[in-house]
Amino acid sequence: MTDYLLNDPLFNSLSTNEKLTTATYGKTFYFASLFMNKKIAERAYGLYTFCRLLDDLADEGIEQKKCLRLAKIQQTLRATQSDKIDINPALSISKQASIHFLDGLLSDQNQVRIKTVDELLIYCYRVAGTVGVMMCDAMGITNMTAIKHAIDLGIGMQLTNIARDVAEDARMDRRYVPQTWLGNIEPSDINQATPALKLTLMNATEKLLDLADRYYQSGLNGLKYLPRSCRFSIFQAATMYRGIGTDLKKKQMNNLTYRAHLSLIEKCGYLVCSIYYYRILLKQSTQIGSHQSELHDVFSSSINYESF
């Protein structure tokens, strides 16, 4: 398995370009990683690059060969005997999480028309909650409660992505906003939205961000389980990503003609505020009880938590 990943041309650049890849394409994460333990940050860059390369293959999956390549990688992972997959000499990640991650990417190769909130949450677990699991591997975390909170943080971030990228996803003939919120709307309808549909989309976007907030809060409640050298950087990443949703709200949920983002000045502002709020949240998180299992109700049956 290790030989396959390291020798496949897709992963050849992992050991040399991971930091550059993260700095170029994952600016929010890279900014936050500057406050992280150096060794853990290096592992996180490798993880980001691994996920990014697979995600790029999925987005280019119209080419049949690339879609087949994703399936072949997943097949190879399934055949591995160990519960961990070696990405590079410094990083081993959960086999189960990486397989579920590929399940999500492969689902994007089909027609994407999310019907229900449950279906949306299953998708978000696969493409982002799993990244939380793998990030725990990068930080050396094995505590199961910590992993559950990490899954929630990933889901919150993905819901933010979906709220931000409604128009971009529609141009790729994908609709992640649930049909139960929008009605039987096609991506082409979103690209030429009527005033009535724009209002419906605004309301649905607000629901997405409200749902994201539930998962962000749970994710942040897990800070106490992280290594001290990583807590602030994870808090900072979550705060800035959540800030994308705040920016969207400032634009009256306009995700059709505006792509929500944070400028460098805004990121610095969030950094200053985070220094203050981090201490408060960390103190509060130590007083919070067990993980809210209902947040995982729709996908927990497909997970063997112990094998993470």
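Here is a short chat about a predicted model, moving from its core to its surface.

Visitor: Which residues have the most contacts inside the largest nonpolar core?


Guide: Let's start with the general picture: in soluble globular proteins, nonpolar side chains tend to be buried together. Here the largest nonpolar core has 97 residues. Those with the most contacts inside this core are Ile 151, Ile 155, Leu 159 and Phe 308.

Visitor: And which helix gives the largest share of this core?

Guide: The share in question is 13 residues. They come from the helix that covers residues 117-139, namely helix α7.

Visitor: Which residue is in contact with both Ile 151 and Ser 94, among Val 133, His 296 and Asp 83?

Guide: Leaving aside neighbours within four places in sequence, Ile 151 is in contact with residues including Val 133 and His 296. With such neighbours left aside again, the contacts of Ser 94 include Asp 83 and Val 133. The C-alpha atoms of Ser 94 and its partner are separated by 7.4 Å, though the two are 39 residues apart along the chain. That partner is Val 133.

Visitor: Is Ser 94 buried or exposed?

Guide: Ser 94 lies in strand β2, residues 91-94. The cut-off for buried is under 20% relative accessible area. Ser 94 has 0% relative accessibility, so it counts as buried.

Visitor: What about Tyr 276, buried or exposed?

Guide: Tyr 276 sits in helix α14, which spans residues 264-285. On the surface, Tyr 276 forms a nonpolar patch with Tyr 277 and Ile 280, together showing about 340 Å² of accessible area. Exposed means over 50%, and because Tyr 276 has 54% relative accessibility, it counts as exposed.

Note on methods. Residues numbered from 1 in each chain as written. Predicted model: local features only at pLDDT ≥ 70, side-chain atom pairs only at ≥ 80, totals over all residues. Heavy atoms only, no water. Patch = residues over 30% accessible without salt bridge, like charges linked within 9 Å, V, L, I, M, F, W, Y side chains within 5 Å. Areas by Shrake-Rupley, 256 points an atom, 1.4 Å probe, with all protein chains shown as cover. Salt bridge = Lys/Arg side-chain N within 4 Å of Asp/Glu carboxyl O. Helix = DSSP H or I, 4+ residues; strand = E, 2+ residues; numbered from the N terminus. Buried < 20%, exposed > 50% of the residue type's maximum accessible area, 1.4 Å probe, protein only. Contact = heavy atoms within 4.5 Å. Core = buried A, V, L, I, M, F, W, Y, C linked by side-chain atoms within 4.5 Å.
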